[in-house]
Amino acid sequence: MCAMKASLTTNCSTRHRASLSGGSMSAHCEDPENSLAYGKSYDNATDGVIKKDWSAVATDWAMALSLNAGITDGAASNARLLAQLIPTSQALDPSLPSIAEALAVLSGNTLLLSSIDTPFIHFWNYSTTVNYLKEPQYQAFRATLRTQDYASGGTQQWQGIFYVVLFLTFATNVFCLIYFLVRHGLVTDFIEPQNLFTLSLNSPPSQAMDGACGGGPEGDQLVMNWHIKMDHEREHFYIQNGTGPPRITRRPTRPLDFEMDTSPNVNSYTKLSSRHSSIL
């Protein structure tokens, strides 16, 4: 590479995207179908005109990057990075950019700086006796605006069927609200580990689980259904298998010198065991 030059092209248009997360700007170039390209608006515009005044901006850019300081200067990291891109053979490495491409990326911001306070057209459409404008002036340019909105309703007739789902969801929420207003209060979950552990300790032995002590249930014992019962006289809960009345095996034990307190979950059990309960 022996020189760097900047020119204007008429085959591009600018795209700007704005969203809640931020914005981005890009150039749409060399597309014959691009109806917003500058050359489509001005047929007499010349493509690829070299701008000699860009050298003034490029000089300050080169000094800021310290490209002429050599490789021994403390601020020569950019020069050493570019030196890593020097070709080692007559073919360029397809996995690495060339020195020209790297310099083009580094100098890309100078094109944006050069476009500040410049007109949107390629010619001076003011008086020839005025070299610059003391006050900013409005200029018109071709542009299209595309927005993306989110609608709460359907755009097609067949999408009206989803209103049935919305109505059912609303009706379910109303039913749940009325239920909690009428049947207020909390219900104890008896199948929580700590509750099942306590129920197991306070339940009488079951003949359906004979031989499972120490080894765990096997065979038909794994498919046995169980129910939580309550002794209404003592208000005491226990577990019973669902194949018939519980057969309690009496075994000699030492007399107990205490009585079990009333469980605080009697109301919860009553709600869950009632045949007319509406709890699902």
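Which hand does the link of Cys12 and Cys29 have, given the angle about its S-S bond? In this predicted model, the link is right-handed, with 120° about the S-S bond. The sulfur atoms of Cys12 and Cys29 are placed 1.9 Å apart, S to S, and are joined as a disulfide; the count of disulfides in the model comes to 1. Because Cys12 belongs to strand E2 (residues 12-19) and Cys29 to strand E3 (residues 22-29), the pair ties together parts that are 17 residues apart in sequence. The two partners fall into separate classes of accessibility: Cys12, with a relative accessibility of 19%, counts as buried, since the limit for that class is under 20%, whereas Cys29 is partly exposed, with a relative accessible area of 33%. A further cysteine, Cys176, has a relative accessibility of 32% and counts as partly exposed.

The two strands that carry this disulfide are also paired through their backbones. E2 and E3 run antiparallel and are joined by 8 bridges, and a hairpin of 2 residues leads from E2 to E3. Within this pairing, Ser19 stands opposite Gly22 of E3. Beyond E3, the chain enters a loop that lies between this strand and helix H1 (38-41), and Glu30 is found in that loop. Glu30 is not a glycine, yet its phi is positive, at about 55°; with a relative accessibility of 59%, the residue counts as exposed, the limit for that class being over 50%.

A positive phi is also found at Asp117, likewise a residue other than glycine, where the value is near 60°. Asp117 is placed in the loop between helix H5 (108-114) and helix H6 (162-182), and its relative accessibility of 80% puts the residue in the exposed class.

The nonpolar interior was examined next. In soluble globular proteins, nonpolar side chains tend to be buried together. The largest nonpolar core of the model consists of 7 residues in all, namely Trp61, Ala62, Leu65, Leu82, Leu85, Ala102 and Leu103. At least two residues of this core are supplied by each of helix H2 (54-65) and helix H4 (99-106), and H2 gives the most, with 3 residues. For one member of the core, Leu82, the contacts are with Leu67, Ile99, Ala102, Leu103 and Leu106, when residues up to four places away in sequence are not counted. Of these contacts, Ala102 and Leu103 are themselves members of the core.

Toward the C-terminal part of the numbering, several individual residues were characterized. Leu196 lies in helix H7 (residues 193-201) and is partly exposed, with a relative accessible area of 33%. When residues up to four places away in sequence are left out of the count, Leu196 touches Phe190 and Ile191. Leu196 and Ile239 are 43 residues apart along the chain, and their C-alpha atoms are separated by 8.9 Å.

His236 is placed in strand E6 (residues 236-241) and is buried, with a relative accessible area of 10%. The side chain of His236 reaches the backbone oxygen of Asn202 at 3.0 Å. As for charged pairs, the count of salt bridges comes to 1: Arg234 forms this interaction with Asp231, and the closest N and O atoms of the two residues are 3.2 Å apart. Asp231 has a relative accessible area of 23% and is therefore partly exposed.

How values were computed
Residues numbered from 1 in each chain as written. Predicted model: local features only at pLDDT ≥ 70, side-chain atom pairs only at ≥ 80, totals over all residues. Heavy atoms only, no water. Disulfide = S-S within 2.5 Å. Helix = DSSP H or I, 4+ residues; strand = E, 2+ residues; numbered from the N terminus. Buried < 20%, exposed > 50% of the residue type's maximum accessible area, 1.4 Å probe, protein only. Salt bridge = Lys/Arg side-chain N within 4 Å of Asp/Glu carboxyl O. Core = buried A, V, L, I, M, F, W, Y, C linked by side-chain atoms within 4.5 Å. Contact = heavy atoms within 4.5 Å. Polar contact = N/O pair within 3.5 Å; in protein donor to acceptor, adjacent residues only side chain to side chain. Pairing = 2+ DSSP bridges.
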